[in-house]
Amino acid sequence: MHALDDIRVLDLSRLLPGPFASLVLADLGARVDKVEDLEGGDYLRHMPPMQETSSVPTSAMFLALNRNKRSMCMDLKKPEGRAALLELVSRYDVLLEQFRPGVLDRLGLSHASLLALNPRLIVCALTGYGQSGPLERRAGHDINYLARAGVLGFQGPAGAPPQPPGFQLADVSGGLYAAIAIMAALAERQKTGVGKIVDISMVEASMGFAIAQLGSTVLGGAPATRGEEPLTGGIAAYGTYATKDARFMALGALEPKFWLAFATGVGLPADMSGIVPGPHQAELRAKIAEIFSSRTRAEWETFAAARDCCLEPVLLPHELMSDPHLVARRAFFQIGSLPQLALPITDRDAAHTAPPAQGEHTDVILREAGFDDARILALRAAQAIR
């Protein structure tokens with residue numbers, strides 16, 4: 001048994017944020033049914049790099065995000081498609097959507113009308129700027145949300161433009177908060193018997209992931225300075241350094257015992273000045289960089305294994321699947337021959353289903369809802385489903 005085995009989710013989202021949220025729910029046992037467009041389906045299916053897993057090449061990102069889900073194709077711009085969706089709503093516990101505010105209203109599928117049809121429904125609206133405020137209908141992507149959240153402003157070295165992280169922080173954090181909020185709403189429904197609307201903004205989700213830095217600014221009144229804060233370049237004991245063989249090591253010796261262990265091991269003065277901010281840090285950083293350049297990454301890994309000093313190799317993505325620790329943790333698994341990345345909550349011993357082909361389960365889902373063959377044929381004739 002999984003935590004959400006009796007929960008049914010109707011997922012209208014696409015790309016990364018919503019599908020990440022529904023992946024979390026699916027891995028916890030929820031029945032997730034994706035609703036995709038008739039033509040291209042979820043846009044993510046077509047974004048390189050592509051995998052030749054079937055007769056139709058599919059995006060590796062789509063394959064990573066959509067295990068344990070079913071797919072149906074439905075055109076919500078057609079009245080027949082909207083009518084079919086409204087009939088389906090009563091069978092679900094959660095409806096997840098990622099449209100800009102106002103889009104579902106124009107289709108006659110407003111949040112209020114969905115709740116009127118199914119008062120126990122949890123409607124989760126995951127958007128960039130939220131369901132209210134002056135920017136509610138503005139388009140955006142991850143970099144825009146991080147910029148508006150104040151998170152992008154302190155990324156990157158001092159004296160250079162802000163540097164976006166190499167992954168979609170706002171998208172994934174929005175999806176994660178959506179999953180958390182949905183589970184909280186389901187727990188609340190057990191007590192009240194009533195559903196609700198959950199409003200998740202990716203801007204605000206990003207701010208939560210930077211709570212240490214933003215908290216210091218908001219509560220302490222001291223603005224963060226890019227490249228000069230302790231964790232963004234201000235302390236030499238926390239940073240990345242090139243090795244003799246042009247690889248990198250990540251040093252995070254912030255606490256006294258870890259800094260002293262590192263300093264003693266490499267012959268630096270074993271005092272607290274190494275972890276105290278100040279102008280002396282520039283000289284110390286240069287010394288540490290010279291020390292790191294004197295040994296290969298493998299030699300530094302041997303050093304790190306012998307000394308408890310918060311030192312790790314900077315692994316490249318292609319190295320992860322052979323990393324002994326990640327292998328031991330079973331961080332990667334396979335569905336048939338398809339490699340998959342486990343989430344912290346993924347049951348490695350469970351039977352997982354492969355990501356669905358576009359519209360693979362349209363007829364199955366409709367038949368489960370009581371649609372007979374004649375009705376399904378009529379919907380297909382009207383080009384409302386595929």
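Two strands count as a pair when DSSP finds at least two bridges between them. With that in hand, hello everyone, and let's look at this structure, which is a predicted model.

I'll start near the beginning of the chain. Strand 1, residues 8-11, and strand 2 run parallel and are joined by four bridges. One place to look is Val9, whose bridge partner in strand 2 is Val32. Between these two strands the chain passes through helix 1, residues 17-27, and this β-α-β crossover is right-handed.

Now, what is on the other side of the story for strand 2? Strand 2 also runs parallel to strand 5, residues 69-73, with five bridges joining them. Here Val32 turns up again, with Lys69 as its bridge partner in strand 5. And is strand 2 buried or exposed? Five of its six residues, 31-36, are buried, so strand 2 is largely enclosed by the rest of the structure.

A quick stop at helix 3, residues 79-89. Its buried residues include Gly81, Ala84, Leu85, Leu88 and Val89. These residues sit on the same side of helix 3, because they cover an arc of only 145 degrees around the axis.

Next, please scroll further along the chain. There you'll find an open sheet of three strands, in the order 9-10-11, with antiparallel pairing. Strand 9 (238-242) and strand 11 (311-313) are the edge strands, each pairing on one side only. On average, neighbouring strands of this sheet are turned by 20 degrees against each other, ignoring direction. Three bridges hold the antiparallel pairing of strand 10, residues 248-252, with strand 11, and Met249 has Pro313 as its bridge partner in strand 11. Helix 12, residues 280-292, packs on this sheet and touches strand 9, strand 10 and strand 11. Helix 13, residues 297-306, lies across strand 10 and strand 11, at about 145 degrees to strand 11.

Last, the aromatic rings. How many aromatic pairs does a search of the whole structure find? Eight. One of them is Tyr177 with Phe209, an edge-to-face pair at 6.0 Å centre to centre, with 85 degrees between the planes. This pair links distant parts of the chain, since Tyr177 is in helix 7 and Phe209 in helix 8, 32 residues apart. Trp259 and Phe262 also pair: their planes are at 40 degrees, so this pair is tilted. Both lie in helix 11, three residues apart, about one turn of the helix, and both are buried. Ring pairs link them with Tyr241, Phe292, Trp300 and Phe303 into a cluster.

Thanks for listening!

How values were computed. Residues numbered from 1 in each chain as written. Predicted model: local features only at pLDDT ≥ 70, side-chain atom pairs only at ≥ 80, totals over all residues. Heavy atoms only, no water. Buried < 20%, exposed > 50% of the residue type's maximum accessible area, 1.4 Å probe, protein only. Right-handed = clockwise from strand over helix to strand, strands pointing away. Axes fitted to C-alpha atoms, helices over the stretch in contact; angles between N-to-C directions. Contact = heavy atoms within 4.5 Å. Arc of directions from axis to C-beta. Phe/Tyr/Trp six-rings, centres within 6.5 Å; stacked < 30°, edge-to-face > 60°.
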